[in-house]
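Student: I have a protein model open, and I would like to learn how to read it. Could you take me through some features one by one?

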Amino acid sequence: MSKAGVSCKKIPSNKINLRLILVSGKTREYLFSPNDSASDIAQYVFDNWVEAEWAEESVAKAEILRLIYQGRFLHGNVTLGALQLPLGRTTVMHLVPRENLPEPNSQDRNKLKPFHAAFFGQRSYRFK
């Protein structure tokens with residue numbers, strides 16, 4: 001994991017620049033390694049919360065923060081590398097406070113490709 005505020009700078013070829021969007025629409029960019037998991041990212045963002053910019057959206061603990069990628073909640077153990085995100089590029093994800101993951105949608109589960117089933121688990125979670 002790396003420091004925040006990488007916009008307007010060159011992204012290292014061995015890192016992923018993650019642009020996180022809060023529910024309010026506010027954004028922040030962070031550099032992460034492909035080995036970092038969704039839980040690692042949530043903990044890092046929580047530990048480095050931008051009080052001046054995100055004060056009204058602060059949470060009590062990192063476990064409440066959830067990442068959403070391509071409309072799906074990521075399980076905590078999923079790494080950025082497992083998602084095959086491009087190195088040296090920016091990827092956009094949403095960061096939302098949520099105690100529990102939503103119930104699986106059976107229609108989405110039937111449409112899952114093997115790639116998604118392997119990395120998102122057998123359950124498919126759709127952000128509503």
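Tutor: Happily! Let's begin with the surface. This is a predicted model, and its protein chain exposes about 7,300 Å². Carbon and sulfur atoms supply 48% of that exposed area.

Student: What share of the 128 residues of the protein chain counts as buried?

Tutor: Of the 128 residues, 41% count as buried. A residue is called buried when its relative accessible area is under 20%, exposed when it is over 50%, and partly exposed in between. Keep those cut-offs in mind, as we will use them again.

Student: How many helices and strands does the chain have?

Tutor: The secondary structure comes to four helices and five strands. Going along the sequence, you meet them in the pattern β-β-α-α-β-β-β-α-α. Contacts add another view: among those between residues at least 6 apart in sequence, 64% join residues at least 24 apart.

Student: Now the rings. How do I describe a pair of them?

Tutor: A pair of aromatic rings is described by two things, the distance of the centres and the angle of the planes. This structure holds three aromatic pairs. Take tyrosine 30 and tyrosine 44: their ring centres are 5.8 Å apart and their planes stand at 90 degrees.

Student: Why is the pair of tyrosine 30 and tyrosine 44 edge-to-face?

Tutor: Planes over 60 degrees apart count as edge-to-face, and the planes of tyrosine 30 and tyrosine 44 are at 90 degrees, so this pair is edge-to-face. Tyrosine 30 lies in strand β2 (residues 27-32) and tyrosine 44 in helix α1, so the pair ties together parts that are 14 residues apart in sequence. Both tyrosines are buried.

Student: Which aromatic pair do phenylalanine 32 and tyrosine 44 form?

Tutor: They form an edge-to-face pair, with 5.7 Å centre to centre and 85 degrees between the planes. This pair also links distant parts of the chain, since phenylalanine 32 is in strand β2 and tyrosine 44 is in helix α1, 12 residues apart. Phenylalanine 32 is buried, with a relative accessible area of 0%, and tyrosine 44 is buried at 15%. Put together, ring pairs link Tyr30, Phe32 and Tyr44 into a cluster.

Student: Phenylalanine 46 has a relative accessible area of 25%. Is it buried or partly exposed?

Tutor: Go back to the cut-offs: buried means under 20%, so phenylalanine 46, at 25%, is partly exposed. Phenylalanine 46 lies in helix α1 (residues 38-47). Leaving aside residues up to four places away in sequence, phenylalanine 46 touches Val59, Ala60, Lys61, Ala62 and Leu65. For alanine 60, the C-alpha atoms are 9.0 Å apart in space, and the two residues are 14 apart in sequence.

Student: Where is lysine 26 found?

Tutor: Lysine 26 sits in the loop between β1 and β2. At 31% relative accessibility, lysine 26 counts as partly exposed. Not counting residues up to four places away, lysine 26 touches Leu20, Ile21, Glu53, Trp54, Glu56 and Glu57. The C-alpha atoms of lysine 26 and glutamate 53 are separated by 8.2 Å, although these residues are 27 apart along the chain.

Student: What does the side chain of asparagine 17 make a polar contact with?

Tutor: The partner is the side chain of glutamate 29, at 2.8 Å. Asparagine 17 has its place in strand β1 (residues 16-21) and is buried, with a relative accessible area of 1%. Arginine 66 offers another case: its side chain reaches the backbone oxygen of arginine 98 at 3.1 Å. Arginine 66 is in strand β3 (residues 65-69) and counts as buried at 18% relative accessibility.

Student: And how do I look for empty space?

Tutor: Rolling a probe the size of a water molecule over the atoms shows where empty space is left. Here, about 160 Å³ of space lies in the largest pocket. Residues lining this pocket include Ala38, Ser39, Ala62, Arg66 and His75.

Student: Which elements give two or more residues to the lining of the largest pocket?

Tutor: Those elements are α1 and β3. The largest share of the lining, four residues, comes from α1. So you have met arginine 66 twice, once through its link to arginine 98 and once in the lining of the largest pocket.

Conventions. Residues are numbered from 1 along each chain as its sequence is written. This is a predicted model: local features need pLDDT of at least 70, side-chain atom pairs count only at pLDDT 80 or more; totals for chains, interfaces and linings use all residues. Side-chain values use heavy atoms; hydrogens and water are left out. Buried means under 20% relative accessible area, exposed over 50%, partly exposed in between (1.4 Å probe, protein chains only). Contact means heavy atoms within 4.5 Å. Rings of Phe, Tyr and Trp (its six-membered ring) pair if their centres lie within 6.5 Å; planes under 30 degrees apart count as stacked, over 60 as edge-to-face and the rest as tilted. A polar contact is a pair of N or O atoms within 3.5 Å; within protein, one must be able to donate a hydrogen and the other to accept it, and residues adjacent in sequence count only if both atoms are side-chain atoms. Accessible areas come from the Shrake-Rupley method with a 1.4 Å probe; for residues, only the protein chains shown count as cover. On a 1 Å grid over the protein atoms alone, a cavity is a set of points where a 1.4 Å probe fits but cannot get out, and a pocket is an open set with protein on both sides within 12 Å along at least five of seven lines; lining residues have an atom within 4 Å of a point. Grid points are joined across faces, edges and corners, and a volume is the space filled by probe spheres set on the points.
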